[in-house]
Amino acid sequence: MTHRYIAIDWGSTNLRAWLFENDVCLDERQSEMGVTKLKVKSPKAVLAEITSGWFDTNTPIIMAGMIGSNAGWKVAPYLPCPVAFSAIGQQLMPVAENVWIIPGLCIENINNVNVIRGEETQLLGASCLAPSSLYVMPGTHCKWVMADQDCILDFRTAMTGELHHILLAHSLVGLGLPEQQADTATFEAGLQHGIENPALLPQLFEVRAAHVLKTRPAKFISEFLSGLLIGNEVINLTKQIVRDTKLPITLVATPKLAARYQAAFHHLQLPTQCVEGDAAFLAGIRRITHALAN
């Protein structure tokens, strides 16, 4: 029997779609119609456009991301943690015939109030591809997720990527800088500084001062700042949540971004394994569609 389905990753600024048949990708499309641009068209109309020629009422469409937020099509609920991995695919939000949105995850504790929207699908896939007790998902908002074989137990969020952007684009740290260039040695220097000096705030203006006094090349300030922030994130969250484990930490990210976090964990002598973000996402969708078909 043919198993045909459509996977949708619908974020704030972009929309991506994949058509699968028996877990083989037949086609892939993308659009800039993220949820922040839905004022000009309805979500249903945009979905019809990007799946044109693919869709019939017998083909399930599984969507994840900000399309399930209050800025999207319909608010999909947040499932409170701890929660079973299997529960994610059992509580889909229907929005049209054979069209569903995957729920997010939330934590509401006295010392941790947190949400995940979109990464839960990557997490579901990563748990099959590279099982671990800790999943680190770098990005604009990096998620640190604790789990066992069956359940998502807890998670934290670090706004490392967004902070890097804000400091360079909207603060004195980035004022007057030339076009930035990659430099591994400068990143490593920032990384070591962030790990060895976990009090972050006093160090941020020093990045600006190093540029002003020309003690660090202006074209590499972004690299040093990236290392500083990632090092600070990793040393602090590792101390908070990493427990003795026989499994490597699973990194879910693009290879370039995963390599930066791998370098940080290497400093702490913690083993890692990597899953590319799209591979994790599509594995998560596949797990949900198989459960729907059974």
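These are my notebook entries on the domains, pockets, salt bridges and backbone oddities of a predicted model.

**Entry 1: domains**

I started with the domain assignment of the protein chain, which gives domain 1 (1-76 + 91-103) and domain 2 (118-293). I then looked up the spacing: the C-alpha centres of domain 1 and domain 2 lie 28 Å apart. On the contact itself, domain 1 puts in 16 residues and domain 2 puts in 13 residues. I noted about 1,200 Å² of area buried between domain 1 and domain 2, with carbon and sulfur atoms giving 74% of that.

How many salt bridges count between domain 1 and domain 2? I found 1 salt bridge there.

**Entry 2: salt bridges**

Some background for myself: side chains of opposite charge can pair when their charged atoms come close. I have 7 salt bridges down for the structure.

I looked at Arg16 next. The Arg16 side chain meets that of Asp278 in a salt bridge, at 2.8 Å from N to O. By the domain bounds, Arg16 falls in domain 1 and Asp278 in domain 2. Arg16 also forms a salt bridge with Asp9, where the closest N and O atoms are 3.0 Å apart. Elsewhere I logged Arg29 with Asp27, a salt bridge at 3.6 Å, N to O.

**Entry 3: the largest pocket**

On to empty space, which shows up when a probe the size of a water molecule is rolled over the atoms. The largest pocket comes out at a volume of about 1,000 Å³. I count 31 residues in its lining, and the closest to the centre are Asp9, Glu119, Gln122, Gly139 and Thr140. Asp9 is one I had already met, as the salt-bridge partner of Arg16.

Which elements give two or more residues to the lining of the largest pocket? I wrote down strand S2 (15-21), strand S4 (61-65), strand S10 (112-116), helix H3 (119-129) and helix H9 (277-293). H9 has the largest share of that lining, at 3 residues.

By class, I get 12 nonpolar, 12 polar and 7 charged residues around the largest pocket. I also checked the lining against the domains: domain 1 and domain 2 each supply at least three residues.

**Entry 4: the second largest pocket**

The second largest pocket has a volume of about 260 Å³. Its lining has 14 residues, and His164, Ser226, Ile230, Leu257 and Arg260 are the closest to its centre. The elements giving two or more residues here are helix H4 (160-170), helix H7 (221-241) and helix H8 (255-267). The class split I noted for this lining is 6 nonpolar, 5 polar and 3 charged residues.

**Entry 5: backbone checks**

I went through the backbone last. Is the peptide bond from Cys81 to Pro82 cis or trans? I have it as cis, with omega near 5°. Pro82 lies in the loop between strand S5 (78-80) and strand S6 (83-84).

The other item I flagged is Asn22, a residue other than glycine with a positive phi, near 50°. I placed Asn22 in the loop between S2 and strand S3 (24-31). S2 is also one of the elements I listed for the lining of the largest pocket.

Conventions:
Residues are numbered from 1 along each chain as its sequence is written. This is a predicted model: local features need pLDDT of at least 70, side-chain atom pairs count only at pLDDT 80 or more; totals for chains, interfaces and linings use all residues. Side-chain values use heavy atoms; hydrogens and water are left out. On a 1 Å grid over the protein atoms alone, a cavity is a set of points where a 1.4 Å probe fits but cannot get out, and a pocket is an open set with protein on both sides within 12 Å along at least five of seven lines; lining residues have an atom within 4 Å of a point. Grid points are joined across faces, edges and corners, and a volume is the space filled by probe spheres set on the points. Helices (H or I, at least four residues) and strands (E, at least two) are DSSP runs, numbered from the N terminus. Ala, Val, Leu, Ile, Met, Phe, Trp, Tyr, Cys and Pro count as nonpolar, Asp, Glu, Lys and Arg as charged, and the others, Gly among them, as polar. Domain bounds come from an automatic or database domain assignment. Contact means heavy atoms within 4.5 Å. Buried area is the accessible area (1.4 Å probe) that two parts lose on being put together, summed over both. A salt bridge is a side-chain nitrogen of Lys or Arg within 4 Å of a carboxyl oxygen of Asp or Glu.
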